[in-house]
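Here is a short tour of one protein model. Keep the structure open as you read.

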Amino acid sequence: MQLGLEGRTIVVTGGASNIGRATSLTLAKEGANVVIADLDVDQANRVAKESTGPGPIAVCETDVTSLESVQALAAFTAREFGTTFGLANVVGWEDVHKFVDTTPEFWQKVTAINWTGVLNTTYAFLPQMIEAGTGVLLHVASDAGRIGEYKEAVYGGCKAAVINFSKTIAREVGPLGIRSNVVCPGMTMPTSEAEYGALSMHATTTKIGSAISPETLERAKRLYPLRKFGTGQDLANSIAFLLSHEAAGHITGQTLSVSGGYTMI
Ligand SMILES: NC(=O)c1ccc[n+]([C@@H]2O[C@H](COP(=O)([O-])OP(=O)(O)OC[C@H]3O[C@@H](n4cnc5c(N)ncnc54)[C@H](O)[C@@H]3O)[C@@H](O)[C@H]2O)c1
């Protein structure tokens with residue numbers, strides 16, 4: 001199957017770490033012009049250096065919670081590669097707590113990164129897709145946004161909002177040649193320290209990674225019919241597929257769980 005992404009310009013927010021990293025490398029492998037938009041420029045540059053192409057990877061320091069920063073990203077991308085064809089919103093962040101144990105400051109952080117960030121980037125990039133009469137939006141949400149997950153109230157609420165937002169946008173811009181879809185990971189672990197950055201959830205929270213005992217992780221795998229967690233590459237494959245008009249040109253407004261069967265909706 002040809003994805004036809006050669007020479008297409010695709011922005012990957014959070015493209016420096018784990019799922020975003022695998023997505024950036026996969027899209028470059030498919031020949032796309034990739035812009036990694038991430039707060040962590042050092043890790044983003046490491047990913048760009050690691051890439052063997054053939055598509056180029058440019059790095060733009062971006063804070064998706066700031067519309068001004070995202071507008072600067074749009075201008076940078078236009079200067080580097082011209083019109084943006086695809087926007088992959090991969091940024092996300094959470095820490096797990098019962099809702100009653102959280103604070104308004106925590107809700108604000110989770111909401112700014114997982115929800116406002118998606119509004120900002122879509123707002124900044126959609127007009128040029130409309131003008132071009134083609135384009136594709138891809139948001140990474142979470143199974144937590146589909147089923148309501150223990151200790152993930154605010155994060156899950158934001159991800160549910162992203163899923164609903166994507167459907168509305170799909171209806172609004174479908175007639176203009178633009179698609180919008182969502183991918184929902186389940187547990188998706190980096191396989192080495194090189195695969196995630198200093199600002200990654202895997203480095204900054206107690207949820208994932210070395211903070212969880214191997215026994216607990218093995219128990220958690222039993223909740224997955226395929227008895228394994230996902231990898232960044234598992235997610236990158238589905239993201240590249242949905243970004244491709246050639247492969248997924250008749251798919252819009254959909255939500256795809258890539259989570260080993262953890263949820264079946
Ligand atoms: N990994 C999982 O188990 C899992 C499960 C379900 C959903 N998800 C979702 O998948 C996506 C990717 O997860 P991951 O594990 O690759 O994340 P990660 O934490 O490893 O990487 C996130 C990246 O976003 C960047 N970032 C953080 N805040 C930013 C901001 N304000 N502006 C720009 N960049 C910022 C970080 O520097 C990092 O490079 C997220 O949306 C997450 O919610 C992940």
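## Leu243 and the main core

This model is predicted. Start at Leu243. Setting aside neighbours within four places in sequence, Leu243 is in contact with Leu5, Ile10, Leu27, Phe85, Gly86, Leu87, Ala88, Val136, Leu138 and Arg179.

Leu243 also belongs to the largest nonpolar core, which has 31 residues. Leu243 is among those with the most contacts inside this core, along with Ile10, Leu27, Val34, Ile36 and Ile239. Several strands and helices each supply at least two residues of the core. The strands are strand 1 (9-13), strand 2 (33-38), strand 3 (57-61) and strand 5 (135-140). The helices are helix 1 (18-29), helix 2 (41-50), helix 9 (232-243) and helix 10 (245-248). Helix 9 gives the most to this core, with five residues.

## A separate core

Another core lies apart from the largest one. This other core has 22 residues, among them Val118, Met129, Leu137 and Val162.

## Two cavities

How many cavities of 30 Å³ or more does the model have? The count comes to two.

The largest cavity holds about 60 Å³ of space. Its lining is made by Asp95, His97, Thr102, Phe106, Val110, Lys151, Glu152, Ala153, Val154 and Tyr155. These lining residues divide into five nonpolar, two polar and three charged. Helix 4 (104-132) and helix 6 (153-173) each supply at least two of the lining residues. Helix 6 gives the most to this lining, with three residues.

The second largest cavity has a volume of about 40 Å³. Thr13, Val64, Asn89, Val91, Ile113, Asn114, Gly117 and Val118 line the second largest cavity. Here the split is four nonpolar, four polar and no charged. Helix 4 gives the most to the lining of the second largest cavity, with four residues.

## Asn114 in helix 4

Asn114 lies in helix 4 and lines the second largest cavity. Is Asn114 buried or exposed? Asn114 counts as buried because its relative accessible area is 1%, and the cut-off for buried is under 20%.

The side chain of Asn114 has polar partners in the backbone. One of its polar atoms lies 2.7 Å from the backbone oxygen of Trp93. The backbone oxygen of Val110 lies 2.8 Å from a polar atom of the Asn114 side chain. Val110 also lines the largest cavity. Beyond neighbours within four places in sequence, Asn114 is in contact with Gly92, Trp93, Tyr155, Cys158, Lys159 and Val162.

## Asn181 in strand 6

Now move to Asn181, in strand 6 (residues 178-185). Asn181 has 0% relative accessibility, so Asn181 counts as buried.

Which backbone atom lies 2.9 Å from a polar atom of the Asn181 side chain? The backbone nitrogen of Gln254 does. Gln254 is also one of the residues in contact with Asn181 when neighbours within four places in sequence are left aside. The others are Leu137, Leu138, His139, Ser166, Leu242, Ile251, Thr252 and Gly253. Among these, Leu138 is also in contact with Leu243, while Leu137 belongs to the core of 22 residues.

## Leu223 in a loop

Last comes Leu223, in the loop between helix 8 (214-221) and helix 9. Why does Leu223 count as exposed? Leu223 counts as exposed because its relative accessibility is 55%, and the cut-off for exposed is over 50%.

Leu223 can be placed relative to Thr263 too. The two residues are 40 residues apart in sequence. In space they are 9.6 Å apart, C-alpha to C-alpha.

Technical notes
Residues are numbered from 1 along each chain as its sequence is written. This is a predicted model: local features need pLDDT of at least 70, side-chain atom pairs count only at pLDDT 80 or more; totals for chains, interfaces and linings use all residues. Side-chain values use heavy atoms; hydrogens and water are left out. Buried means under 20% relative accessible area, exposed over 50%, partly exposed in between (1.4 Å probe, protein chains only). A polar contact is a pair of N or O atoms within 3.5 Å; within protein, one must be able to donate a hydrogen and the other to accept it, and residues adjacent in sequence count only if both atoms are side-chain atoms. Contact means heavy atoms within 4.5 Å. A nonpolar core is a set of buried Ala, Val, Leu, Ile, Met, Phe, Trp, Tyr and Cys residues joined through side-chain atoms within 4.5 Å. On a 1 Å grid over the protein atoms alone, a cavity is a set of points where a 1.4 Å probe fits but cannot get out, and a pocket is an open set with protein on both sides within 12 Å along at least five of seven lines; lining residues have an atom within 4 Å of a point. Grid points are joined across faces, edges and corners, and a volume is the space filled by probe spheres set on the points. Ala, Val, Leu, Ile, Met, Phe, Trp, Tyr, Cys and Pro count as nonpolar, Asp, Glu, Lys and Arg as charged, and the others, Gly among them, as polar.
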